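This report treats two subjects in turn: the lining of a pocket and the packing of helices.

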Amino acid sequence: MKSWLKWIGIVLILVVAAACSQQEEESAASEETEETEGIEVQHELGTTTVPENAEDVVTLELGVTETVAALGIKPVGVADDDRPERIAASTMEVIEGYKSVGARSEPSLELIRTLQPDVIIADVDRHEAIYEELSAIAPTVAVVNDAADYQDVLTATETIGKALDREDETEELLDEHQTMLNDLKENLEGVEGTVLQAQYTESNIFGAPTSSFFMPSFMEEAGLDYALQNEEETSEDLTIEQLLKIDPDTLLLTKNEDDPSVKEQLKDDKLWNQLTAVKEDRVFELNHNDWSRRRSIPAVNERMDQMKELFAAGN
């Protein structure tokens, strides 16, 4: 009898041990599944798995911040160059109270780490060198924004929408944008002549974005004839002599709010006064932040009415 009881005890111990082992394996498998669950996002620097319905997001470029806000998410951290006045009012309404993580060109990894983000959205050109460090803090998705053209921004918008599990909202944003763009194209039909965007510097140089940059490529998408074509570089520095050779029919001069009027500075310059745009009173001074730094779909949506006004006079 004792022998039988002994064997029964051994069998029970083995059964219990097997059950515990199976339970541990299932628990470990469950934990592994939980760790790998999420959304797989293909982006400019690879494929990253991000958590579903991410709430705590850090954005490291102005156009990215605008896109995230347009999708209804308030980032916990924003690279704003410590210049919150550069953030559009429509965006600030959504993100008020965010934590600055420093400059877009060199965000503070320490500050980002303290925010414990679910997702970081970076710019491939500005942040490729620190991508691994960012990824060690949180899943990081990189898009083209700093050197983006219009198509790059459309792609980045879709990537951001997927990373934030906001694909329906992204589709709605892009559909609304396309409707507005179609209306703009109709308004600009028949506009003749070339257009050039440039920023005047103290060294008498005009920094001009090329057809490969965001706003110029969007102008072309809208049907305008952009004067400075370059498939390799996003900007060129032009002397006034070089500007005169291009001689655009419309010149869009971007400047910061505190900068003096370029038209006033150059009003007595002989070469300046030979420009067709000057002679035809087709030189417009525009906000540099709105026309250059802001590279997003919300940004161009806000520029469309202004474009209608600028070019209606050229019809």
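Residues are classed here as nonpolar (Ala, Val, Leu, Ile, Met, Phe, Trp, Tyr, Cys and Pro), charged (Asp, Glu, Lys and Arg) or polar (the others, Gly among them). The model is predicted: local features need pLDDT of at least 70, side-chain atom pairs count only at pLDDT 80 or more, and totals for chains, interfaces and linings use all residues. Residues are numbered from 1 along each chain as its sequence is written, and side-chain values use heavy atoms, with hydrogens and water left out.

**Pocket**

A pocket is an open set of points on a 1 Å grid over the protein atoms alone, where a 1.4 Å probe fits, with protein on both sides within 12 Å along at least five of seven lines; lining residues have an atom within 4 Å of a point. The largest pocket has a volume (the space filled by probe spheres set on the points) of about 300 Å³. Among its 14 lining residues, Arg83, Glu85, Arg86, Glu257 and Asn287 are the closest to its centre. The lining comprises eight charged, four polar and two nonpolar residues. Helix H13 (residues 288–293) contributes the most to this lining, with four residues; helices are DSSP runs (H or I, at least four residues), numbered from the N terminus.

**Helix packing**

Axes are lines fitted to C-alpha atoms over the stretch in contact, and angles run from 0 to 180 degrees between N-to-C directions. Contact means heavy atoms within 4.5 Å.

| Helix pair | Axes within | Crossing angle |
|---|---|---|
| H8 (residues 167–188) and H14 (residues 297–312) | 10 Å | roughly 15° |
| H9 (residues 214–221) and H14 | 12 Å | roughly 60° |

H8 is therefore roughly parallel to H14, as angles under 35 degrees count as roughly parallel. The contact of H8 with H14 involves 11 nonpolar, three polar and two charged residues.

H9 meets H14 through Phe214, Met215, Phe218 and Met219, which face Val300, Met304 and Met307 of H14. That contact has seven nonpolar, no polar and no charged residues.

Methods
Helix = DSSP H or I, 4+ residues; strand = E, 2+ residues; numbered from the N terminus. Parallel < 35°, antiparallel > 145°, perpendicular 65-115°, else oblique.
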